[in-house]
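Biologist: I would like a close look at one part of this model, the sheet region around a pair of neighbouring strands. Please start from a single pairing and work outwards.

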Amino acid sequence: MSTRRKFLEKITATSVALPLLYSPVNLFAASEEPCEGPVLKVAIMGLGSYGTRVAEAMQACKRAKLVGVISGTPSKIKKWQSKYGIPEKNCYNYENFDAIKDNADIDAVYVITPNGLHKDQSIRVAKAGKHVICEKPMGVNAQEGQEMVDACKAANVKLLIGYRMHFEPKTVAVIKMRKEGKFGDVKFFQGQSGFTIGDPNQWRLDKELSGGGAMMDIGIYSINGARYMLGEEPIWVTAQETKTNPEKFKEGIDETIQFQMGFPSGAVANCLSTYNMNHLDRFFMTGSKGFVEMKPSTGYGPIEGKTHEGPLTQPHMTHQTLQMDGMAAIIYNGTAPIVPVDGEEGVKDMKIIDAIFKAAKTGDKVML
């Protein structure tokens, strides 16, 4: 067990539209005009690999700026201070970050720590009066997610979930095509999300810190993708779990789950979530008038895809740059993204994940 994980477990126990300028695709439903306004000053909590990716992407933002850090590793804080010009007064650890309440330099905190820590840390940020951006999944179950929503409402701060695909140009283009009826009556969605995970001692394979295995990490993309591609909320799920390596994927850590979702229109989704297969990053949807295939569909690099009308040609931009500028527009301008990224959106995914786990365990169809 790593020193970082031991530290995180310890503190868990003790802790009580600028994108429009770059793309011909309108990333927001509410306005065709580029959004201008104040800059969102952000502190990143959790300076691991994804936190680093977000920090790098934010260097190109026009509406969001990295101004602070929260970490349990002093050496990382020093490195980030030097690289990003972060002043000492905007640096915190996991025990003292409640003091951000008195720091006017910080408007929001992006929580990018293990899933099992999201709820408590997000609620602490909210109580400090700062907006919360929380990486997905927002918690380890729907109850945690709802507690986060309630806490942020009580504190009168925004809660946004790190759904970067909701700002990605090709994804937005496909959603707009569906809204315009280009696919006709959508009938079927297929989502394949997976890769072969490495280090068996990492936090993603620790039930307490992750809340689950592949479903929490990668399967959530197919869940969320089915919802925004079809434009409906599922009313039932079924699921089947396969585990070939119980030593690596211990109790409560799913290796592979196939799951199905049914929607009010009669459309169905058939999805795969796995930590034991590579080359799985594909969405396919078909309707009475056309189809769309996206592969890769959610990866960090350029999304590729085609429809019955031809290839998707919208330009690639770093997802997290679009996301952070878009979130600044949401917070300061009330701009509505084409698909929500608020806490309620996160809770919807968590309810479906809860149902999938129940269906995989019982073999029953679970109604939502």
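Biologist: Which residue in β6 stands opposite Ile 133?

Modeller: This is a predicted model. In β6, Leu 160 is the residue that stands opposite Ile 133. The two strands concerned are β5, residues 131-134, and β6, which run parallel and are joined by 3 bridges.

These strands belong to an open sheet of 6 strands, in the order β3-β2-β1-β4-β5-β6, and the pairing in that sheet is parallel. At its edges stand β3 (91-92) and β6 (159-161); each has a single partner strand, so one side of each has no neighbour in the sheet. Helix α3, residues 74-84, packs on this sheet and touches β1 (40-45), β2 (64-70) and β3, with its direction at about 155° to that of β2. Helix α4 packs on the sheet as well, touching β1, β4 (108-111) and β5, and its direction makes about 160° with that of β5.

Helix α4 also has a helical neighbour. Residues 115-127 form α4 and residues 142-154 form α5; the two helices pack at an angle of about 5°, and their axes are 9 Å apart. With angles under 35 degrees counted as roughly parallel, α4 and α5 are therefore roughly parallel to each other. On the α4 side the contact is made by His 118, Lys 119, Ser 122, Ile 123 and Ala 126, and on the α5 side by Glu 144, Glu 147, Met 148, Ala 151 and Cys 152. By class, the residues of this contact are 5 nonpolar, 2 polar and 3 charged.

The loops on either side of α5 each have a backbone detail to note. In the loop between β5 and α5 lies Pro 137, which is joined to Lys 136 by a cis peptide bond with omega of about -10°. The loop between α5 and β6 holds Asn 156, which has a positive phi of about 60° although it is not a glycine.

Lys 136 leads on to a cavity. The largest cavity holds about 100 Å³ of space. It is lined by 13 residues, and those closest to its centre are Lys 136, Tyr 163, Met 165, Tyr 221 and Asn 224. Its lining divides into 5 nonpolar, 5 polar and 3 charged residues.

Beyond this region, helix α8 packs against another helix and against a second sheet. Helix α6, residues 169-179, packs with α8 at an angle of about 45°, with 8 Å between the axes; the two helices are therefore oblique to each other. In that contact, Thr 171, Val 174, Ile 175 and Arg 178 of α6 meet Tyr 228, Met 229 and Leu 230 of α8. The contact of α6 with α8 comprises 5 nonpolar residues, 1 polar and 1 charged.

The second sheet is open and has 9 strands, ordered β14-β13-β12-β11-β7-β10-β9-β8-β15, with mixed pairing. Its edge strands, β14 (310-311) and β15 (366-367), each pair on one side only. Within it, β8 (residues 236-242) and β9 (residues 256-262) pair in the antiparallel sense over 7 bridges, and Glu 241 has Ile 257 in β9 as its bridge partner. Helix α8 packs on this sheet, where it touches β7, β9, β10 (268-274), β11 and β12, and its direction is at about 160° to that of β7. Helix α10 lies across β8, β9 and β15 and runs at about 55° to β8.

Two pockets involve these elements. The largest pocket has a volume of about 760 Å³. Of the 37 residues in its lining, Ser 49, Tyr 50, Arg 204, Asp 217 and Tyr 300 lie nearest the centre. At least two lining residues come from each of α2 (49-58), α4, β7 (186-194), α8 (214-230) and β11 (280-287), so named here with α4 from the region you asked about. The classes in this lining are 13 nonpolar, 15 polar and 9 charged.

The second largest pocket has a volume of about 320 Å³. It is lined by 13 residues, with Glu 241, Glu 251, Gly 252, Phe 357 and Lys 361 nearest its centre. The largest share of that lining, 3 residues, comes from helix α10, residues 343-362. Its lining has 4 nonpolar, 3 polar and 6 charged residues.

Notes:
Residues numbered from 1 in each chain as written. Predicted model: local features only at pLDDT ≥ 70, side-chain atom pairs only at ≥ 80, totals over all residues. Heavy atoms only, no water. Axes fitted to C-alpha atoms, helices over the stretch in contact; angles between N-to-C directions. Helix = DSSP H or I, 4+ residues; strand = E, 2+ residues; numbered from the N terminus. Parallel < 35°, antiparallel > 145°, perpendicular 65-115°, else oblique. Contact = heavy atoms within 4.5 Å. Nonpolar A, V, L, I, M, F, W, Y, C, P; charged D, E, K, R; others polar. 1 Å grid on protein atoms, 1.4 Å probe; cavity = no way out; pocket = protein on both sides within 12 Å on 5 of 7 lines; lining within 4 Å. Points joined across faces, edges and corners; volume = space filled by probe spheres on them. Pairing = 2+ DSSP bridges.
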